Every structure is written in structure tokens, then in C-alpha cells.
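Please open the structure in your viewer and keep the selection tool at hand. The tour proceeds one selection at a time.

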Amino acid sequence: MKKIAILGSTGSIGTQTLDVVRANGDLEVLGITAGSNIQKLEEQIREFHPKLVAVMKEEAAKELRDKVADLDVRIVTGMEGLLEVAAMPETEILVTAVVGMIGIRPTIEAIKAGKDIALANKETLVTAGHIIMPLAKEMGVQILPVDSEHSAIFQALNGEHHKEIHKLLITASGGPFRGRKTEDLKKVTLADTLKHPNWVMGQKITVDSATLVNKGLEVMEAKWLFGMDLDQIQVVVQPQSVIHSMIEFVDGGIMAQLGTPDMRLPIQYALYYPHRRYLAGDRLDFAALKQITFEEPDMDTFLGLPMAIQASRIGGTMPTVFNAANERAVAKFLRQEIGFLDIYALIQASMEAHKVKENPDLDLILETEQETYEFVESQVSGL
Ligand code: NAD
Ligand code: MG
């Protein structure tokens with residue numbers, strides 16, 4: 001039995017991780033965490049029997065303790081609770097499926113405790129990659145990508161030599177507004193934004209896919225995961241989401257990983273790496289697909305991508321500002337307090353107002369996050 005814990009077990013990646021656990025029978029879930037979905041947590045506790053469960057608020061914990069009083073499970077709370085699940089002594093792998101930079105501290109804690117990380121939580125790597133990657137190396141733990149693009153690159157790297165990579169080609173669907181111009185984006189609604197053409201995901205990443213912020217975060221994630229220069233990473237729009245990403249090697253040869261859009265594959269690959277397991281589900285039918293098409297990303301309209309690249313080039317605390325401004329702006333967009341294009345305006349204003357500090361430690365990253373949230377709040381009244 002391989003022993004795992006999952007941060008964010010009630011979300012899109014979290015529940016699909018549990019689908020993989022259910023289908024295999026040799027994974028044991030010892031710890032799970034969630035924000036506030038007590039009902040789903042209770043179901044998960046009854047089905048998977050974790051020993052330790054963390055929720056964010058004490059009130060939710062009380063309610064959950066009452067619901068599962070008949071079971072042998074300990075319920076803990078807040079950041080302390082998240083850290084405890086992340087570093088449980090018995091686990092081998094931590095699946096980081098929380099959304100946002102709340103994942104930084106638990107990820108670091110898990111690496112320090114010697115856990116391999118199945119990493120979905122890209123915001124953590126974007127803001128603290130310069131801390132996490134060297135720490136993982138020092139501790140001898142593996143960072144196994146769950147994001148489909150990074151899993152594709154990881155799979156395509158099998159048997160190859162890292163120094164022979166010429167560039168990474170990260171594919172993008174283009175999101176629900178592909179082909180539209182800024183003028184059209186003024187009027188788009190929350191409902192339009194949440195209709196992703198190919199993937200069903202959590203709300204935040206679905207909005208990020210529409211703004212192309214997600215692709216920007218993925219470029220930064222790839223830079224850290226694979227030790228690449230930004231100039232070696234190219235984004236290619238491939239609207240059918242069949243090619244999950246590619247590597248071009250120095251001799252011009254290209255390796256790609258293809259498949260139906262199904263996150264269970266990268267999740268399962270990370271959990272069993274370097275082995276593959278049978279996975280039930282639709283297979284790619286090339287005759288039905290007929291064609292795979294390519295485009296350049298529209299960087300003049302979808303500012304999330306060029307702004308992310310700029311933040312990454314500047315480095316230091318700037319990727320944290322980019323990410324934190326986006327997190328806060330997207331939360332406001334989801335509550336319908338601001339419009340779609342305001343997301344770009346808030347990120348841009350936050351980046352312009354920020355004085356960069358080089359090589360931030362964890363405290364400075366978290367401080368910069370708070371300052372950025374406050375800055376975004378101060379800007380919203382002026383929109
Ligand atoms: P989601 O919103 O569906 O789930 C998020 C999970 O985190 C839930 O369990 C929620 O309870 C928990 N959570 C949310 N806020 C929290 C907080 N403040 N404190 C503690 N727990 C909190 O998100 P998702 O779509 O599963 O995405 C999770 C991560 O995986 C994100 O970083 C996302 O970018 C990445 N990712 C997701 C997909 C996908 O297909 N969904 C694909 C690639 C990468
Ligand atoms: Mg992705």
C-alpha cells in the first residue's frame with residue numbers, strides 16, 4: 001500500500017485523485033483537507049477512512065466532529081492543521097490540490113518531512129519556486145507534476161537527457177474567448193467565462209484559463225520544474241486540447257504526449273511514477289478527431305500571458321504580486337463585483353505600484369501577498 005495525503009480533497013483535482021485511489025486498491029489515504037465543504041468531507045471520511053482531516057475554520061471542525069463521532073478520525077483546523085496533514089509521519093506522497101498560494105507553507109513543510117509532492121497547486125511554485133526546487137533537491141524528494149502540460153513534458157522527457165532540450169512547447173486551448181478582441185471582452189459575463197471548451201475544473205482555474213493567466217502561471221511553473229530559461233518556453237494554441245505539451249530537442253526532434261482531456265491520467269502517473277497503470281475511460285479516436293490545429297496565442301487581447309512573462313522576467317517578489325493580484329481579482333470577479341477586463345487592470349496596477357525585492361524568503365513572499373491584497377482592495381473603489 002502506498003500511503004498518501006491530499007490537500008484540497010473536495011475540489012476538482014482532489015476528487016479525481018480519490019477516483020484514482022478507488023480504481024486501484026493499493027493506495028491508502030491517511031490525511032485529507034478542505035476549505036469548507038463539510039458534507040463532501042464526511043462522505044470522503046466514511047469511504048476512505050483517513051486518520052487525520054483538516055478544515056480551515058473551528059466552526060466547521062465542530063460540525064464535522066459531530067457528524068463523524070462514530071469514527072476513529074482526528075479533525076484539526078487552520079494553517080496548523082494543513083501543516084500537520086502535509087507532514088504526517090506515515091505518508092510517502094502529498095497531493096497538493098488546494099487552490100492558491102495558501103499551499104506554500106504546507107508544501108515546504110512536506111518537503112522538509114521528506115514527502116514526494118504530486119503537485120497540482122501551481123501558485124505555490126510560481127511564487128516560491130526558488131525556495132521549493134532547491135529544497136526538494138536537498139531533501140532528495142521528487143516534485144511530480146500533475147498539471148496536464150507539465151505531466152506531458154515530464155512523460156516526454158523519459159529516457160532523454162535534460163541538456164539536449166532545445167525548448168518546451170506548452171499547449172493552450174485558448175479558453176472560451178479564443179478569437180475575441182478586447183472590445184468583445186468588455187461584455188462577457190461570469191457564466192460565459194465559466195464555460196471552458198474542453199476541461200471541467202475548479203472555478204478559479206477556469207477563469208484563469210479564460211484570461212490566459214493560467215497559461216502564464218504554467219510558463220512560470222515549467223521554468224521552475226524543468227529548470228528552463230523563459231526564452232526556451234513557447235506557448236502554442238491547440239484548441240482541441242489533444243496534445244498536452246511537447247519538447248523540441250536540439251536535433252529538431254519533437255516528443256509530445258497526447259490523450260483525451262482527463263486529469264486522472266496525470267494524477268495517476270504522478271502517484272505511480274515511473275509506472276503506468278490501466279485507466280478506464282475514453283481513448284483518443286483519431287478518425288473521429290479528424291484534425292489537430294495550431295495558432296499563436298493572442299497576446300494583445302489576453303494580457304494574462306504577457307503580464308505573467310513580464311513578472312517572471314523581473315523575478316524577485318514580482319511573480320508573487322502577479323499571482324496575488326490575480327487571486328484577489330478573480331475572487332471578486334467570481335462574486336460579480338468586477339468585470340472580466342478589471343482582472344487585467346488590477347494585476348497591471350499592482351505590478352506597476354510594486355517595488356521589487358530580490359530573492360524573497362518565505363516571510364517576504366507572504367508579506368508581499370498581503371500587501372498586494374490590500375493594494376487590490378484600495379484600487380477596486382476607483383474602478
Ligand atoms: P477547486 O476549487 O476545485 O478545489 C480546491 C480545493 O482546495 C478544495 O478542496 C477547497 O476546499 C480547498 N481550498 C480552497 N481554498 C482553500 C483555503 N483558503 N484553505 C484551504 N483549503 C482551501 O480547485 P481545482 O480546480 O481542483 O485546483 C486545485 C489546484 O490544481 C489549483 O492550483 C489549480 O491551478 C491546479 N490545477 C487544476 C486542474 C483541474 O483540472 N482542476 C488542472 C491543473 C492544475
Ligand atoms: Mg494545465
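Begin with the magnesium ion (ligand 2) of this predicted model, whose donors follow the spacing D-x1-E-x68-E along the chain. Asp-147 lies in the loop between β7 (143–145) and α7 (148–156), whereas Glu-218 belongs to helix α11 (residues 213–226), so this pair ties together parts that are 71 residues apart in sequence. Display the side chains of Asp-147, Glu-149 and Glu-218: these are the protein donors, through OD, OE and OE respectively, and they lie 2.0 to 2.2 Å from the ion. Both Asp-147 and Glu-218 are buried.

Next, select helix α14 (residues 304–314). Its buried residues include Leu-305, Met-307 and Ile-309. Which elements do the buried residues of α14 pack against? They pack against α10 (203–211), α11, β9 (233–237), α15 (318–334) and α16 (340–353). Step past the end of α14 to Gly-315, which follows the helix and has a positive phi, near 75°.

The remaining stops concern backbone geometry. Most residues other than glycine have a negative phi, and most peptide bonds are trans. Select Gln-336, in the loop between α15 and α16. Gln-336 is not a glycine, yet its phi is positive, about 60°. This residue is exposed, with a relative accessible area of 60%.

Now move to His-49, in the loop between α2 (38–48) and β3 (52–55). The phi of His-49 is also positive, near 50°, and the residue is exposed, with a relative accessible area of 54%.

Finally, select Pro-274, in the loop between α12 (264–272) and α13 (286–289). The peptide bond joining Tyr-273 and Pro-274 is cis, with omega about 5°.

Terms used. Residues numbered from 1 in each chain as written. Chains lettered and ligands numbered in written order. Predicted model: local features only at pLDDT ≥ 70, side-chain atom pairs only at ≥ 80, totals over all residues. Heavy atoms only, no water. Donors = N, O, S within 2.8 Å, 3.2 Å for Na, K, Ca; no water. Helix = DSSP H or I, 4+ residues; strand = E, 2+ residues; numbered from the N terminus. Buried < 20%, exposed > 50% of the residue type's maximum accessible area, 1.4 Å probe, protein only. Contact = heavy atoms within 4.5 Å.
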